[in-house]
Amino acid sequence: MHREGLISTKQLEYLSGPPDPRPRRFYILPKIHKNADSWTVPSKMPPGRPIISNINSENDRVSEYVESFLQPLACKHKSYIKNSYDFIEKIKNLKISKDTYIVTGDITNLYTNMHHDCTIASLQNIFNKYPQNNRPDKHLIDIIKIILENNDFEFNGETFLQCLGCSMGTRVCPSCANIYLLEFDEAAMQGFHIKPIIFFRYLDDVFLLWSGSIEELKEYENYLNSITPGIKIILEANKLTSKFLDITIYKKNL
């Protein structure tokens with residue numbers, strides 16, 4: 001990239017990484033927001049979210065560089081939610097029938113089930129869909145391949161290599177995950193014979209309003225689980241209230 005004049009000498013020095021890079025380390029974040037009855041050891045040990053800390057590693061800075069190109073593309077879809085406030089603005093004035101189900105979904109283990117070849121293909125597709133003259137697409141793809149295929153990390157005195165998926169601790173991976181699921185979103189909104197009234201997704205959390213029956217919702221869940229290899233979702237429905245992100249939603253019957 002430097003030889004082709006795409007980055008300056010100063011950028012090259014920065015993006016090459018720190019002179020003494022820090023090894024990546026694996027750790028667990030407890031999911032204390034989950035229902036205590038569903039914990040690994042009920043009410044005592046919550047399930048964990050696997051994180052590989054990438055701070056000050058050899059590819060942390062170049063991952064930040066790639067993210068500057070991917071982040072604007074990762075929000076270019078109809079199901080996108082920026083944050084809780086954005087979500088509230090999008091649903092607060094909706095008028096729905098008393099028989100409509102409020103449905104939430106959890107895509108299980110999204111990051112660890114992102115196949116590298118499918119991730120690269122999804123990124124190439126969005127580059128083709130939104131061309132940009134000053135974006136070094138080929139080099140960005142090469143960099144992402146290196147990041148995905150060389151995610152080694154330390155745990156308990158041993159070194160491991162992640163062979164499948166994308167690390168939650170790498171700057172570029174949330175955008176990769178968002179882009180990875182764009183075809184899933186489109187199929188979820190348009191591909192089933194009953195279409196959700198609305199459909200939103202925040203990374204691996206899904207919210208939709210359903211006008212069909214519970215039996216049809218189960219068929220819809222089976223359909224969603226057939227769209228993308230390795231991507232599985234569990235749907236929960238309620239006619240009165242539900243929790244999504246850090247929000248409790250109530251339906252008011254007029």
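Mentor: A disulfide here is a pair of cysteine sulfur atoms within 2.5 Å, and the model to which we apply that cut-off is a predicted one.

Trainee: Which cysteine does the disulfide join to cysteine 166?

Mentor: Applying the cut-off of 2.5 Å between sulfur atoms, one arrives at a count of 1 disulfide. Its S to S distance is 2.0 Å, and the residue joined to cysteine 166 is cysteine 173.

Trainee: Is that disulfide left-handed or right-handed, and are its two cysteines buried or exposed?

Mentor: Cysteine 166 has 3% relative accessibility and therefore counts as buried, and cysteine 173, at 1%, likewise counts as buried. The torsion about their S-S bond is about -85°, so the disulfide is left-handed.

Trainee: Why is cysteine 118 not bonded to cysteine 176, and how accessible is cysteine 118?

Mentor: The closest cysteine sulfur to that of cysteine 118 belongs to cysteine 176, but because the two lie 13 Å apart they are too far for a bond. As for accessibility, cysteine 118 counts as partly exposed, with a value of 32%.

Trainee: How far is the nearest cysteine sulfur from cysteine 163?

Mentor: Cysteine 163 is exposed, with a relative accessible area of 63%. This cysteine is in no disulfide, for the nearest cysteine sulfur is that of cysteine 166, at a distance of 14 Å.

Trainee: At what angle do H4 and H6 pack, and are they roughly parallel or roughly perpendicular?

Mentor: Cys118, Thr119, Ser122, Leu123 and Ile126 of H4 meet Cys176, Ile179 and Tyr180 of H6, a contact made up by class of 6 nonpolar, 2 polar and no charged residues. The axes of H4 and H6 are 9 Å apart, and the angle between the helices is about 80°. Since angles of 65 to 115 degrees fall in that class, H4 and H6 are roughly perpendicular.

Trainee: Which helix gives the largest share of the largest nonpolar core?

Mentor: This core has 49 residues, and those touching the most other members are Val66, Leu70, Ile107, Ile179, Phe199, Trp210 and Tyr220. The largest share of the core, 7 residues, comes from helix H2.

Trainee: Which residues does leucine 70 contact, leaving aside its neighbours within four places in sequence?

Mentor: Leucine 70 is one of the residues that touch the most other members of the largest core. With those neighbours set aside, leucine 70 is in contact with Leu123, Phe127, Ile144, Val172, Ser175, Cys176 and Ile179.

Key
Residues are numbered from 1 along each chain as its sequence is written. This is a predicted model: local features need pLDDT of at least 70, side-chain atom pairs count only at pLDDT 80 or more; totals for chains, interfaces and linings use all residues. Side-chain values use heavy atoms; hydrogens and water are left out. Buried means under 20% relative accessible area, exposed over 50%, partly exposed in between (1.4 Å probe, protein chains only). A nonpolar core is a set of buried Ala, Val, Leu, Ile, Met, Phe, Trp, Tyr and Cys residues joined through side-chain atoms within 4.5 Å. Helices (H or I, at least four residues) and strands (E, at least two) are DSSP runs, numbered from the N terminus. Contact means heavy atoms within 4.5 Å. Axes are lines fitted to C-alpha atoms, for helices over the stretch in contact, and angles run from 0 to 180 degrees between N-to-C directions. Angles under 35 degrees count as roughly parallel, over 145 as roughly antiparallel, 65 to 115 as roughly perpendicular and the rest as oblique. Ala, Val, Leu, Ile, Met, Phe, Trp, Tyr, Cys and Pro count as nonpolar, Asp, Glu, Lys and Arg as charged, and the others, Gly among them, as polar.
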